[in-house]
Amino acid sequence: MTTIRREVLTLPAAPLGPDNPLPPLRPLDEVHRIDDRDRADLPRDMARQVDYEPLRSLLPVQVRDGYDRERAPGELDALVIENDRLKATVLPALGGRIASLHHKPTDRELLYVNPVLQPANFALNGAWFSGGIEWNIGATGHTTLSCSPVHAARVPAPDGGEMLRLWEWERLRDLPFQVDLWLPDGSDFLYVGARIRNPHERPAPTYWWSNIAVPEHRRVLAPADEAWLPHCPKGVGGTPIGYERRLRRVPVPEYDGVDRTYPPNSTYAADYFYEVPDGRRRWIAALDEHGHGLVQTSTDALRGRKLFVWGTGPGGRRWQEWLTEPGTGGYCEIQAGLVRTQLEHVKLEAESEVSWLEAYGPLEAAPDGDWPTVLRRAEDRLEAALPRADVDAAYDAWRPYADTEPGERLATGSGWGALEVLRAGWKLPGTPFDEDTLGEEQRPWLHLLRAGSLPEPEPHAPPGGTLVARPWRDMLETTAATPLAEYHLGVAQWHGDDRAQAVRSWERGLTSAVDRWPLLRCLAVADQEDGHRERAADRYAQAFDDLCARRTEAAEGDREWTTVTAALGREAIGALLAVGRTADARTVWERLDPETRARGRFRLTEGELLAAEGRTEEARAVFDENFEVADLREGADSIGLLWARLDDAPLPARYDFRMRPGGE
């Protein structure tokens, strides 16, 4: 019979650290969009969904960039669901990630299992880690819940056993979701029932991709003869969305003279979104040279299938090393989503839901040969192991259990769902967001909801995160106009694209604020977005001066103060250097904590500052110290650009994260 139990994983782990306390006011730098030259060739539903409410802002989520690369043995709480054939290990504190899926009869691991926990800057809000199966909800990119806890509990399964239910409130779109995992007795397949609900009285954009990491020395099979490829016109094999804006339809398996279904055959990173014909069974598999591997299949609602490869170029290999331990083997990702590509969002109508069932298990089929024959053999083996009709029947059997109230609680997620349920009075059977999950982050907003006012924070403390949905903005507009309320109201107005009103709110708050730096920083960002770079630099300098003036001796060494000083200082230095005020930038640098200045991100900042001051040799010497920018963004070229200013030699391999052909 299936069992569910707690377990502890011990592995080298880098701590997540604190979130960035500054609200992410700038628009996302990786908004996925299609070049107009390609739009006319898209299927009508795809073109419509590409244009449907792409994400413009991370608010109300905060950026998670406080991690480093100093790994030490750490313990992770895990939940194990197991029958006599399969063992799945789930990490409830890390987005409900399935870290391992082990097939007992063959003693084979079906996934790529990362031997370390190393956060890197790949999620929409920063921290993310590689390996296993992740549940991506919200918007294009890795979910903001990648490194956040979710709720977990035991629930009755359709076969009379137990399911493991995971659920949480997704804050970018304000939607609750759930993932039910169960293993029928004697089954070689893990069943996953998933549901996203829209309790609002208006439609909501919806996004889902299940990302499955598998070893890269595989052949990836999917029932398609064509794929959509975001590509670089100057290169071969494509580059991921976010680097280029072109999209073309390419043949599968061979493109540009190379069989791309073997991940090691691609030189550069690429996304292949398979065009699975209507009526065809939805599945994707990754098989090794002996024909052993993993297959994922689903009901038809989960339409899309995708292959992501890092490529064999130096940048792709460097990223693979960066995300794990060197020498532990690379991985690729096979994925399944609600739509064809990750450029699209689905409209979820008011007070409705979307649900589907996935199945994960072993597959044995010969991977080599001509494409139609390979696919036919694999589909025949899949049908024999798990008939398509059985997947549909399992979905029908699961649906009545989706509303079953959870039993024993096994893990606790955030309190944001509880706050929203209290505000709106929603009834969400099967996914209770109870008041006892409310925490310190929700405390001021609960006070606003119940008492109509925001409580003042501790003296000189950062103002905390802002809720930006329209109901919360309405409450902020009617509460007492304190500097704190004006600050939060301005952030909510900014998110609602009412920028002029946001600036007015922040300016009103300044007239009586004791702590002026949060408001000045917001106004500085507004100036930058409007092209007023000199005024932005002035306001950043004033904000940093005010922050330093508020720090008391007791605050020296306090992590919260160190975090906010580092975040504001980093932005201020960038703004000051942008207008050539190197002396002012140096003043900010000197007031940062020594611990902050020693971090890799700030070693790069120091190199940029030294270069701006004309101290080229000293800036070049920074590279000899082998610094590491822990939160380097995928696709970022700041290291390479600085190096090019300082040295004509090729960029050293340890700093080469460039993902584009030719390193451009």
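User: Which residues in H6 meet Trp 445, Leu 446, Leu 449 and Arg 450 in H7?
Analyst: In this predicted model, the H6 side of that contact is Trp 416, Leu 419, Leu 422 and Arg 423.

User: What's the mix of nonpolar, polar and charged there, H6 with H7?
Analyst: Six of the residues in the contact are nonpolar and two are charged, with no polar ones.

User: And how are H6 and H7 lined up, parallel or perpendicular?
Analyst: Roughly parallel. H6 covers residues 416-424 and H7 covers 443-451, and their axes cross at roughly 5°. Angles under 35 degrees count as roughly parallel, so that label fits. The two axes come within 11 Å.

User: OK, what about H6 and H8? What angle do they pack at?
Analyst: About 70°, and the axes are 11 Å apart. H8 is the helix at residues 470-478. That angle makes H6 roughly perpendicular to H8, because 65 to 115 degrees counts as roughly perpendicular.

User: Which residues make that contact?
Analyst: From H6 you get Leu 419, Glu 420 and Arg 423, and from H8 you get Pro 471, Trp 472 and Met 475. Sorted by class, the contact of H6 with H8 has four nonpolar residues, two charged and no polar. If Leu 419 and Arg 423 sound familiar, they are also among the H6 residues that meet H7.

User: Let's look at the loop between H6 and H7. Where's Thr 437?
Analyst: Right in that loop, between H6 and H7.

User: Is Thr 437 buried or exposed?
Analyst: Buried, at 11% relative accessible area. The cut-off for buried is under 20%, so Thr 437 qualifies.

User: Which residues is Thr 437 in contact with?
Analyst: Skipping neighbours within four places in sequence, Thr 437 contacts His 151, Thr 412, Ser 414, Gly 415, Ala 418 and Gln 442. The side chain of Thr 437 also reaches the backbone oxygen of Asp 434, at 2.6 Å.

User: Switching topic. Which helix is Trp 322 in?
Analyst: Trp 322 is in H3, the helix at residues 314-322.

User: Buried or exposed?
Analyst: Trp 322 is buried, with a relative accessible area of 2%.

User: What does Trp 322 touch?
Analyst: Not counting residues up to four places away in sequence, Trp 322 touches Arg 69, Gln 118, Ala 120, Glu 628, Val 629, Ala 630 and Phe 657. Take Gln 118 as an example: it sits 204 residues from Trp 322 in sequence, but the C-alpha atoms are 8.3 Å apart in space.

User: Now Leu 410. Which strand is that in?
Analyst: Leu 410 is in S27, which runs over residues 409-411. Leu 410 is buried too, at 9% relative accessible area. Leaving out neighbours within four places in sequence, its contacts are Ile 4, Arg 6, Leu 79, Ala 152, Ala 153, Arg 154 and Leu 164.

User: How far apart in space are Leu 410 and Ser 512?
Analyst: 47 Å from C-alpha to C-alpha, with their positions 102 residues apart in sequence.

User: Any odd backbone spots? What kind of peptide bond runs from Leu 59 to Pro 60?
Analyst: A cis one, with omega near 10°. Pro 60 is in the loop between helix H2 and strand S2. The bond from Val 252 to Pro 253 is cis as well, with omega near 10°. Pro 253 lies in the loop between strands S17 and S18.

User: And what's the phi of Glu 351?
Analyst: Positive, about 50°, although Glu 351 isn't a glycine. Glu 351 is in the loop between S25 and S26, and counts as exposed at 59% relative accessibility. Asn 626 also has a positive phi, near 55°. Asn 626 is in the loop between H17 and H18 and counts as partly exposed at 43%.

User: Last thing: what's the mean pLDDT of the chain?
Analyst: The mean is 93, and 95% of the residues reach 70 or more. Over residues 233-244, though, the pLDDT is below 50. That stretch still has 46 contacts in the model beyond near neighbours in sequence. Where pLDDT is low, the predicted coordinates shouldn't be read in detail.

Notes
Residues are numbered from 1 along each chain as its sequence is written. This is a predicted model: local features need pLDDT of at least 70, side-chain atom pairs count only at pLDDT 80 or more; totals for chains, interfaces and linings use all residues. Side-chain values use heavy atoms; hydrogens and water are left out. Axes are lines fitted to C-alpha atoms, for helices over the stretch in contact, and angles run from 0 to 180 degrees between N-to-C directions. Helices (H or I, at least four residues) and strands (E, at least two) are DSSP runs, numbered from the N terminus. Angles under 35 degrees count as roughly parallel, over 145 as roughly antiparallel, 65 to 115 as roughly perpendicular and the rest as oblique. Contact means heavy atoms within 4.5 Å. Ala, Val, Leu, Ile, Met, Phe, Trp, Tyr, Cys and Pro count as nonpolar, Asp, Glu, Lys and Arg as charged, and the others, Gly among them, as polar. pLDDT is the predictor's confidence in each residue, from 0 to 100. Buried means under 20% relative accessible area, exposed over 50%, partly exposed in between (1.4 Å probe, protein chains only). A polar contact is a pair of N or O atoms within 3.5 Å; within protein, one must be able to donate a hydrogen and the other to accept it, and residues adjacent in sequence count only if both atoms are side-chain atoms.
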